[in-house]
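I opened this entry to record what I looked up in the structure. I began with the whole chain and then moved to single residues.

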Amino acid sequence: METQRASVSLGRWSLWLLLLGLVLPSSSAQALSFREAVLRAVDQLNERSSEANLYRLLELDPPPSDDEDLGT
């Protein structure tokens, strides 16, 4: 039971790290929309999981605008 909770927690952190990596601009990265980047992150998580389609996108908030403080 404890291993399962740790696995879910690790999965959540992995999701956030993947999203962060896909959303941050890269000089060699292809320009993706915010939605496309999130969907790719979810697909990558599902590819790495031991169960099929473990994660899915239920709701997507709009990306922060450039004038918002990302630290808040």
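I looked up contact range. Among contacts in the protein chain with a separation of 6 or more, 37% join residues 24 or more positions apart. The model is predicted, and I note that before going further.

I then took the secondary structure and the surface. The protein chain has 2 helices and 0 strands. Of its 72 residues, 14% are buried. The chain exposes about 6,400 Å², and 53% of that comes from carbon and sulfur atoms.

Next entry: helix α2. I find 15 residues in α2 and a reach of 22 Å from its first C-alpha to its last, close to the 21 Å expected at 1.5 Å a residue. I listed its buried residues: Ala37, Val38, Ala41, Val42, Leu45 and Asn46.

Which residues make up the largest nonpolar core? I get 5 residues in all: Leu18, Leu19, Val38, Ala41 and Leu45. Two elements, α1 (2-23) and α2, give two or more residues each to this core. The most comes from α2, with 3 residues.

I picked out Leu45 from that core. Leu45 lies in α2, which covers residues 34-48. Is Leu45 buried or exposed? I log Leu45 as buried because its relative accessibility is 7%, and the cut-off for buried is under 20%. Leaving out residues up to four places away in sequence, I find Leu45 touching Gly11, Ser14, Leu15, Leu18 and Tyr55. I checked one of these pairs by distance: Leu45 and Gly11 are 34 residues apart in sequence, and their C-alpha atoms are 8.1 Å apart in space.

I looked up Val38, another core residue. With residues up to four places away in sequence not counted, Val38 touches Leu19, Leu57 and Leu60. Of these, Leu19 is also listed in the core.

My last residue was Asn46, also in helix α2. Why does Asn46 count as buried? Its relative accessibility is 14%, so Asn46 counts as buried; the limit is under 20%. Which residues is Asn46 in contact with, leaving aside neighbours within four places in sequence? I noted Glu51, Asn53, Leu54 and Tyr55. Tyr55 appears in the contact list of Leu45 and in that of Asn46.

I close the entry there.

Definitions and conventions: Residues are numbered from 1 along each chain as its sequence is written. This is a predicted model: local features need pLDDT of at least 70, side-chain atom pairs count only at pLDDT 80 or more; totals for chains, interfaces and linings use all residues. Side-chain values use heavy atoms; hydrogens and water are left out. Helices (H or I, at least four residues) and strands (E, at least two) are DSSP runs, numbered from the N terminus. Buried means under 20% relative accessible area, exposed over 50%, partly exposed in between (1.4 Å probe, protein chains only). Contact means heavy atoms within 4.5 Å. The expected span of a helix is 1.5 Å times one less than its number of residues. A nonpolar core is a set of buried Ala, Val, Leu, Ile, Met, Phe, Trp, Tyr and Cys residues joined through side-chain atoms within 4.5 Å. Accessible areas come from the Shrake-Rupley method with a 1.4 Å probe; for residues, only the protein chains shown count as cover.
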